[in-house]
Every structure is written in structure tokens, then in C-alpha cells.
Amino acid sequence: MSDGLRNPFSPAFWRSPRPPHAFVLARDRLVYVGPADGMRRSALSAAPAFRVLSRPLPPDTFTPGPDGSPLAGPALSGALQRLLAEAGTKISAASLVVPDGWVKLLVIDAVEPESHAREVDDMFRWKFGRAFGEPVPELRLSWRPAGAGAEGTRILALAAAEQAASSWEAPFEKAGIRIGALETSAFAVSSLDARASGDWFLVWTDGDTATTLVFAGSQLRFARTRPYAEAGEAVQDVRLAVAFGTPDRPAEAPPAFVAGSCAAGPQESGVLEALRGFRAAAGASEPELLTLSRLAPGATVTPAAAAQDPATLAALGVLAGGD
């Protein structure tokens, strides 16, 4: 089982160094990002160079499992083997990023969760069971405290169907690659944009879903992923998520959606344009665009066009997450 979704939020895990290799599993392609020299660990703080390789995935790569979660089939193994041959590098461990919509999020309040970990775990399994549907699949679950809640401590949790998560990892294990961190795109990108103070939120669009992560300084306070049909619909849900994430804001103060700083991406997202329009109309600052040059100053990638690829940012985020 991956160390990622099992407990991606534990302090010890976050302080652990990550392998210098990352894969991003999208719905239609598999992307690899690693040090340009193929061997040396590149630190983001030392103007590193990365190479980016990508292989398309055929339409039948994923099939819906009993609960609707995407199950990876043999085509993923074939794409991985071709990608490894192109990389020409021995990889024994790597991190893996998956689409935001492949993992479910829940937020609850709990009293002294660290002292009642089993009860909290059972509560989340029950709640996630309702979200996944009957029969409830075996789940890979992780949760973490997220500051004070309305009652006790606010808890954020992630869950994926174990059958699905195992199918994503199996081709890598077969190739001799241990997946040590399994993360979603939005959480991976957020690792590149840590801030020390103030209310702020990050919006990341991944396919047909938009994820909102709400922070108070470096403290993650709330998270929500929702599918959307129109960009305006996604922005309205972002506004609700930011409101839920800042419940203690004084009534006379401007809403955090307006007063807080905002980072958003990827660059070509229609949600970004709609978000820019909503904030401009409210007199707020423009969303800060999540780009390679802003999030990883001095870093270079080969080919140069990959610098604009959202998968590149997600991979660099998961590489930086444990530093």
C-alpha cells in the first residue's frame, strides 16, 4: 500500500525526502518528470533542470469499477514500459499524482481526534461509504487536523477505493518502482505555493472538476472538489468553499473570497477567466497565475513547452512536498 493516501498528512511523512522522480497519471496520458541528468536529485531551491516525458493512453485504459472509480487496465503497463525505455534511467521509487476527481474529500469536526483516532477513522469510513455507495468498497483513507472547528477540531479526509488505487500503482510495482506518495493534482500544486500569513485560497481545475483549498497562512483549513459544467458554476462553488473555510471571519469584514489572496490555474482554464471576472467586479485583486516561473523560480524543463503543462506543475509539487 502506498504511503500516500494511507496517511499523506502525517508530519513525519511531510518531512520525509521524496524520490527525485514523479509520474502524473491523467485520463489520457502518463507523464514523467525527473532530474535532467537522469540521476542527480534536483532541489527546487537550486535552479534545477528537469526533463518531462509523456505517453498517450488509449481510451480503454480505464474502466469504471463497481463504485464508479476508474480501474487501470493493461494499457497503463504498456505506456509505462515505453516511458521507462525512453527515460533510460533506473527508477526504484517515485511519487504518483492522480486527477482530483479520482479521490473523495470530506470535512467534519471532532473532539480530541488524536485521542480518538479509531472513532474518527470509523466515522469517516461510514461517511465515505455513503459517498461511494453500496456495497461499500474497501477504502484507502487518510485524515488530518485542520485547526479549530465549530465543535472541537476540524478534520480533513481523503479516500479512494482500494481496488482503484491499487490498479494505478500495480504497473509501477511490476516495473520495480515503489510508489511512496500518492497525491491529487491540487494538493501537489499547493506544495509549491506555501504562504506564511493571511487568508488565501487556491483554485485548481483538473478536467471537469475544480478544487478549492482554503488556507490561513500555512494552515490548510478547508478543501473541496466538485465537478462542474460551466465556469460560472465552478466559481460559485469556490465562493461557498471559501466561506466554509473561513467561518470565524468578522461579520463586518469583507468576505475572504474578496479580501483574501487567490492563486489559480492552470493557465488555459475557463474557470480562471470566470474567477478573474468575479473578483474584478468585487474590487478584489486578480488571481495569481500558477506558473512554473512563479512557483519554481529558476527551474527549467526540457522540452521548454512542458513549462506550460499543468502536469509539470503537479509533478514538481509532489517532488517538493516532502522537502
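Q: A crossing is right-handed if the near helix is turned clockwise from the far one by less than a right angle, and left-handed if anticlockwise. By that rule, is the crossing of α7 past α9 left-handed or right-handed?
A: In this predicted model, α7 passes α9 in a right-handed crossing. The near helix is therefore turned clockwise from the far one.

Q: Why are α7 and α9 called oblique to each other?
A: Let's set the angle against the cut-offs. The axes of α7 (residues 231-245) and α9 (residues 270-281) cross at roughly 60° and come within 8 Å. Roughly parallel would need an angle under 35 degrees, and roughly perpendicular begins at 65. The pair falls into neither class, and α7 and α9 are therefore oblique.

Q: Which residues make the contact between α7 and α9?
A: From α7 come Ala 231, Gly 232, Ala 234, Val 235, Gln 236 and Arg 239. Facing them from α9 are Gly 270, Val 271, Ala 274, Leu 275 and Phe 278. By class, this contact has seven nonpolar, three polar and one charged residues; Gly counts as polar here.

Q: How many helices and strands does the chain have?
A: The chain has eleven helices and 16 strands.

Q: What makes the chain as compact as a globular protein of its length?
A: Happily, there is a rule to compare with. The globule rule gives 20 Å for 323 residues, and the radius of gyration is 19 Å, close to that value, so the chain is as compact as a globular protein of that length. Its C-alpha trace spans about 60 × 45 × 35 Å along the principal axes.

Q: What share of the residues is buried?
A: With buried meaning under 20% relative accessible area, the share is 54% of the 323 residues.

Definitions and conventions:
Residues numbered from 1 in each chain as written. Predicted model: local features only at pLDDT ≥ 70, side-chain atom pairs only at ≥ 80, totals over all residues. Heavy atoms only, no water. Axes fitted to C-alpha atoms, helices over the stretch in contact; angles between N-to-C directions. Helix = DSSP H or I, 4+ residues; strand = E, 2+ residues; numbered from the N terminus. Parallel < 35°, antiparallel > 145°, perpendicular 65-115°, else oblique. Contact = heavy atoms within 4.5 Å. Rg over C-alpha atoms; globule rule 2.2 N^0.38 Å. Buried < 20%, exposed > 50% of the residue type's maximum accessible area, 1.4 Å probe, protein only.
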